[in-house]
Amino acid sequence: MLQAAAKNFGQLLALRFLAGAAEACSDPSFMLITSMWYTRKQQPVRMGLWYTANGFGIALGGLLGYGEYPECLDLLQLTLVLGIGSIRGALPSWKYEFLIIGALCSAWGIVMFIFLPDSPVTAKGLSRAEKRMAVQRLRENQTGIENKHLKAYQVKEAFLDIKIYLFFVLGIVCNVPNGGISNFGTLIIQGFGFSQLGTTLLQIPYGILIAISILICVYLNNRFVNRRCMFILIFLIPNIAGAFGLRYIGTEQQAGRLIAYYLTGPYNAAFVMILSLQTANTSGHTKKVVTNAVLFLGYCTGNGELRLLCARSDQQPS
């Protein structure tokens, strides 16, 4: 919400840094909580369900942006829900988006703080017998529930395990495309020759496709147990095809390039499988937290790498 109060680039950059630092804990925390409540077989479906919010968020962002245009106001009567940017007031439209979405996030954070239990052991809504049952059903996971103490031997064990480095590399290579596709998606579509209004609207199908691909992936993984690695490969194939399409389809083929862009969406399903692969195959709470952190360090590195390349390409012709 404070980003709406920024008066210059420096202030916005500082607030964006703080917002990113606060946001960084969300996915790792969701992963740990999911692994504390659900069996190995159940985890991919649950992770997939909450990860679809990324796709729906992109789609909602397209609707919000679409509502900013005056020619859309007759079409979108529910301006507060579908077109926050269309609210007319003393502030620029983008500031209202920060204020309203930020207020919703803050309110939901309070709800989660009160009602979302850290683990079955501390869940206030469960009796002692129910807590015991919740822990017992996870015995077969052999990955532990929760431990508040940092165990040095598990930290050492994590860094001596080759899987932590494989997860780091997976985090990087899966999210180099994410850094460009997600953050520069509107510029990519606009580069195909669409209007600014059309570009905003065409983000909606992309977000829906991401959500659908995640749901299909977790459903298939639930049907064919112990096939996570296979589904990671399968759902990366459209992304590779889309990348080649964006590179080699001619500029005059507007629809073909747009389809190629949409094909890059299913990589999100592959990343959900990587997340569930990590939680299902790492035992010991401290080791799980460390491996989790290294995976998301790769995630952030991959996202930042392409942004840096794009920033350089703006200064020097490629």
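Here are some exercises with worked solutions on a predicted model of one protein chain.

**Exercise 1. Get an overview: how many helices and strands does the chain have, and what share of its residues is buried?**

Solution.
- Step 1: Start with the elements. The chain contains 15 helices and zero strands.
- Step 2: Turn to burial. Of the 318 residues, 38% are buried.
- Step 3: Look at the outside. About 18000 Å² is exposed, and carbon and sulfur atoms supply 67% of that area.
- Step 4: Ask how the chain folds back on itself. Among contacts with a separation of 6 or more, 70% are between residues 24 or more positions apart.

**Exercise 2. Decide where to trust the model: which element has the lowest mean pLDDT, and which the highest?**

Solution.
- Step 1: Take the average. The chain has a mean pLDDT of 81, and 83% of the residues score at least 70.
- Step 2: Find the extremes. Helix 4 (residues 79–82) has the lowest mean, 45, while helix 7 (residues 152–160) has the highest, 91.
- Step 3: Look along the sequence. Over residues 69–87 pLDDT stays under 50, and the model gives this stretch 39 contacts beyond four places in sequence.
- Step 4: Draw the lesson. Where pLDDT is low, predicted coordinates should not be read in detail.

**Exercise 3. Check two helices against a ruler: what span is expected for helix 2, and what span for helix 14?**

Solution.
- Step 1: Take helix 2 (residues 26–37). With 12 residues at 1.5 Å a residue, helix 2 should span 16 Å.
- Step 2: Compare with the model. The end C-alpha atoms of helix 2 are 17 Å apart, which agrees.
- Step 3: Repeat for helix 14 (residues 267–280). Its 14 residues reach 20 Å from first C-alpha to last, close to the expected 20 Å.
- Step 4: Add burial. In helix 14, 14 of 14 residues are buried. In helix 2, the buried residues are Asp27, Pro28, Met31, Leu32, Ile33, Thr34, Ser35 and Met36.

**Exercise 4. Trace a charged network: which residues do salt bridges with shared partners join into one network?**

Solution.
- Step 1: Begin with the total. A search of the whole structure finds four salt bridges.
- Step 2: Pick glutamate 157. Its side chain meets that of lysine 287 in a salt bridge, 3.3 Å from N to O. Glutamate 157 is in helix 7 and lysine 287 in helix 15 (residues 285–315), so this pair ties together parts 130 residues apart in sequence.
- Step 3: Judge exposure. Glutamate 157 counts as partly exposed because its relative accessibility is 34%, whereas lysine 287, at 8%, counts as buried.
- Step 4: Move to aspartate 161. A salt bridge links aspartate 161 to lysine 163, with the closest N and O atoms 2.9 Å apart. Aspartate 161 is buried, with a relative accessible area of 16%, while lysine 163 is partly exposed at 30% relative accessibility.
- Step 5: Close the chain of partners. Aspartate 161 also forms a salt bridge with lysine 287, 3.1 Å from N to O. Aspartate 161 sits in the loop between helix 7 and helix 8 (162–181) and lysine 287 in helix 15, so this pair ties together parts 126 residues apart in sequence.
- Step 6: Put the pieces together. Through shared partners, Glu157, Asp161, Lys163 and Lys287 form one network.

**Exercise 5. Compare two residues of helix 5: is phenylalanine 115 buried or exposed, and is glycine 102 buried or exposed?**

Solution.
- Step 1: Place them. Phenylalanine 115 is in helix 5 (residues 93–115), and glycine 102 is in helix 5 too.
- Step 2: Apply the cut-offs. Exposed means over 50% relative accessible area and buried means under 20%. Phenylalanine 115 has 64% relative accessibility, so it counts as exposed. Glycine 102 has 15%, so it counts as buried.
- Step 3: Look around phenylalanine 115. Together with Trp108, Ile110, Val111, Phe113 and Ile114, Phe115 makes a nonpolar surface patch of about 750 Å².
- Step 4: Look around glycine 102. Leaving out residues up to four places away in sequence, glycine 102 touches Met1 and Glu97. Its C-alpha is 9.6 Å from that of alanine 4, although the two are 98 residues apart in sequence.

**Exercise 6. Describe the surroundings of threonine 291: which residues does it touch, not counting residues up to four places away in sequence?**

Solution.
- Step 1: Place threonine 291. It is found in helix 15.
- Step 2: Judge burial. At 3% relative accessibility, threonine 291 counts as buried.
- Step 3: List the contacts. Threonine 291 touches Ala158, Ile164, Phe167, Gln278 and Thr282, with residues up to four places away in sequence left out.

Note on methods: Residues numbered from 1 in each chain as written. Predicted model: local features only at pLDDT ≥ 70, side-chain atom pairs only at ≥ 80, totals over all residues. Heavy atoms only, no water. Helix = DSSP H or I, 4+ residues; strand = E, 2+ residues; numbered from the N terminus. Buried < 20%, exposed > 50% of the residue type's maximum accessible area, 1.4 Å probe, protein only. Contact = heavy atoms within 4.5 Å. Areas by Shrake-Rupley, 256 points an atom, 1.4 Å probe, with all protein chains shown as cover. Patch = residues over 30% accessible without salt bridge, like charges linked within 9 Å, V, L, I, M, F, W, Y side chains within 5 Å. Expected span 1.5 Å × (residues − 1). pLDDT = per-residue confidence, 0-100.
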